[in-house]
Structure formats: structure tokens, C-alpha cells
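Let's take a walk through a protein model, one piece at a time. Have the 3D view open and follow along.

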Amino acid sequence: MRASDAEQQAMLRALRLAATPGVPLGPNPRVGCVLLADDGRIVADGFHRGAGTPHAEADALARAGAAARGTTAVVTLEPCNHTGRTGPCAQALVEAGVRRVVFAQSDPNPQASGGAETLRAAGIEVLAGLLTKEARAVNRVWTFAWEHGRPFVTWKFATTLDGRSAAADGTSRWVSSAASRLDTHRLRALSDTVLVGTRTVQVDDPRLTVRDEHDRPLPDQPLRAVMGLRDLPEDRRVFDDSARTVRLLTHDPAEALTELFALERRHVFLEGGPTLAAAFLTAGLVDEVVAYVAPVLLGAGRTAVADLGVTTLADALRLDVTDIAVLGEGPERNVRLTMAPPRSPREDL
């Protein structure tokens, strides 16, 4: 059983719908759905707009009404098979009289998977795996989180050309340029958690909020997480009311991520100092690295990352460069390097 040309085109449309800009971050995946008539005509389409809103299939079915009977549902993710804030989409497709379902990616969430079996049991034709790689890319972080049972971790840091995050006297503002700092806010907005250690809060007193070019906070803020056991003054800015903050009372990165996953967090933006970064790196819990490199030489001062236990070049932690960009103008220019540990074949699917 193969997908028709009309189904191929419908899946491309569903993927575009799934990636519609402006959908708020949350624990749910981004999903698109297109309903096709037998002649390839689009009857209706829909997409998921965030937690608590109708799923993509329910959105498309509502738009189609009675015309949904006998159609083919083309969906970017396997229809869910559980009742949460909304009902199971697999059952909704059965009740609507859909004849055939084509989906791209199987659902890695064990609480929601099984929709394909429900559809087949009801006599509906099911084709899985159409444009799977493209569908995984739409939900890259969400897919990783469910397949690994923990949030995806992006480690961001700023460094001089010789690998220093601060001068010998401790001064560190600003190693990165204004353009790099604005870009950091853009990346923060793509995560649902910003994580630092207690020392960063004590010494630097960061806000850890997402702000615009005029330093104004945006309406939707990621969770602020502070990891460590050190007592902190209540007047630190991370405890103000501009965003929610949680304390992670552990030094173990795996424990911290387990707690955040239980809080329905799927993407952690790690902005702590060199000690916290080294802890996550040595634990193998960094999935992406974003480095802002300034054309500055200090020769001494705090390093960008603490001891990784590497004593010989053969044991070095090597990364794949996935993107290079130059930010800013003139002497304020920085180079942004985006890197990742070598990927497993599974993550290339």
C-alpha cells in the first residue's frame, strides 16, 4: 500500500499547517491534518493551536462536518489514542466515518500511542511513515524528549576567542555583543525552561526572562529553573513575578531533568556557568551547543567550561557544526556556532 500523489501533496500541506507561526510552546506536539475526498480534493484541514485546544484531526473534522465521511485523513502524527484535555482522535476519526488514514510519524508518547491499532480494528485503512523525517523535524525537541524520557538540552555560552567567559578580575559584561544577546533572547523564547545554577543567581543576579530589543519582557515566558543546594537571597531577580521559577535541589543533572520532564518541560536552555556546563557535558546530557564567540583575547580569566576530565586529545569531546552565523556590525561582530554531539542513526530518521 503506497501513498498517492494527492496524499503526498496533502502531507506537505499538513506539515506547513503544523508549523504555523504563533502557536504557543507547551507539552503538546505541533500537528496538521488534511481531509481528502476520493478525487483528491481537499475537503477540510486543521492544526493544533496549543494545549487545551482541539487537536488537528478534531479541528479538520469540525470544519468538514458530514462531508468527512468517506475521506482520507492525512496527518503529520499518529492520531492519539487517549483522553486528556480532549478526546482520542483515533476514535473521532472512526466516528466520523473516515475511510483511510495516512500519517507521517508514530507517536512516541506511550500514553497517546496505539491510534493506528484502534483505526485498523475499526476497519479503516492505515498507512504509516509518509514523510517521517520531515514530520520529526517539525517536532524535533518534543520527539527527542519522549524518545529519551527527558528534556532536550541546549547549552548556550559566550566566550572570547581564547575560551574565556570572564576576565581575571571577574568582569564578564559584556563578552558577547548586543546582537548576540538579542539572539539569545530569541533562542530562550524557543525553549520552555531556562536553567542556571545557584552560583550564577548569587553572583550575576540574572532575570532569565525573554525580552525584546528595548529590554521589555514578552508576554509568554519560559520557566526559570535554579539548580543546586546553596541558599539564595530572596531579593534575587530570578524570584520576581515576571515569570515562574522552580528550585531543583540537586547537583545531579539527570535528577534535574527528570524533575523538569515531570513538570511537562521538553526543552531546557542551559545558561549556567562553567561548572554546571561541565556537569551536564560529562553526564552526556547536552544535545545542542550554541556558542557566541567574540573576537577578543584575554589570556587569563574564567574558562567557558570547567574540567571535563579530558587528559589527552584522543578523549576530547568532539561536536558536529550544524550552523555558522555572523551577528552584529564592525567591532561588535560575534560568530555564532551551533553544534551537536554526533547523532545516532535513529535521530536521523
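## Starting at a pair of strands

Let's begin with strand E4, residues 100-105, which pairs with E5 in the parallel sense over 4 bridges. If you want a spot to zoom in on, find Val101, which stands opposite Val126 in E5. Keep in mind as you look that this is a predicted model. As a bit of background, strands of a sheet pair through backbone hydrogen bonds, either parallel or antiparallel.

## The five-strand sheet

Now zoom out a little. E4 and E5 belong to an open sheet of 5 strands, in the order E2-E1-E3-E4-E5, and the pairing is mixed. Which strands stand at the edges? They are strand E2 (42-47) and strand E5 (125-128); each has a single partner strand, so one side of each is left without a neighbour in the sheet. From one strand to the next, the twist averages 15 degrees.

A helix packs on this sheet too: helix H2, residues 56-64. H2 touches strand E1 (32-36), E2 and strand E3 (72-77), and its direction makes about 140 degrees with that of E2.

## The eight-strand sheet

Further along the chain you'll meet another open sheet, this one with 8 strands in the order E9-E8-E7-E10-E6-E11-E13-E12 and, again, mixed pairing. Its edge strands are strand E9 (245-248) and strand E12 (320-327), each pairing on one side only. Ignoring direction, neighbouring strands here are turned by 20 degrees against each other on average.

Inside this sheet, E7 and E8 run parallel and are joined by 5 bridges. One pair to look for is Gly197 with its bridge partner in E8, Met227. Helix H7 (residues 178-189) packs on the sheet, and its direction makes about 165 degrees with that of E11. The strands H7 touches include E6, E7 and E10.

## A helix with plenty of buried residues

Next, pick out helix H10, residues 274-282. Which of its residues are buried? Pro274, Leu276, Ala277, Ala278, Phe280 and Leu281 are. Here's a handy rule for reading a list like that: an α-helix has 3.6 residues a turn, so residues three or four places apart point the same way.

And what covers those buried residues of H10? The cover includes strand E6 (152-160), strand E7 (193-197), E8, helix H9 (253-262) and strand E10 (267-270). After H10 comes Gly284, with a positive phi near 70 degrees.

## Two residues in a loop

Go to the loop between helix H8 (198-204) and strand E8 (223-227), where you'll find Asp205. Its phi is near 50 degrees, a positive value in a residue other than glycine. Buried or exposed? Asp205 has 15% relative accessibility, and because buried means under 20%, Asp205 counts as buried.

Leu208 lies in the loop between H8 and E8 as well. Leu208 also has a positive phi without being glycine, near 60 degrees. With a relative accessible area of 3%, Leu208 is buried.

## The whole protein

Finally, step right back. The protein has 10 helices and 13 strands, and its C-alpha trace spans about 70 × 40 × 40 Å along its principal axes. Of its 349 residues, 48% count as buried. Looking at contacts with a separation of 6 or more, 69% come from residues 24 or more positions apart.

The accessible surface comes to about 17,100 Å², and 52% of that belongs to carbon and sulfur atoms. As for charge, there are 40 positive and 44 negative side chains, and the centres of the two sets lie 2 Å apart.

Technical notes
Residues numbered from 1 in each chain as written. Predicted model: local features only at pLDDT ≥ 70, side-chain atom pairs only at ≥ 80, totals over all residues. Heavy atoms only, no water. Buried < 20%, exposed > 50% of the residue type's maximum accessible area, 1.4 Å probe, protein only. Contact = heavy atoms within 4.5 Å. Areas by Shrake-Rupley, 256 points an atom, 1.4 Å probe, with all protein chains shown as cover. Lys, Arg positive; Asp, Glu negative; His and termini not counted. Charge placed at Lys NZ, Arg CZ, Asp CG, Glu CD. Pairing = 2+ DSSP bridges. Axes fitted to C-alpha atoms, helices over the stretch in contact; angles between N-to-C directions.
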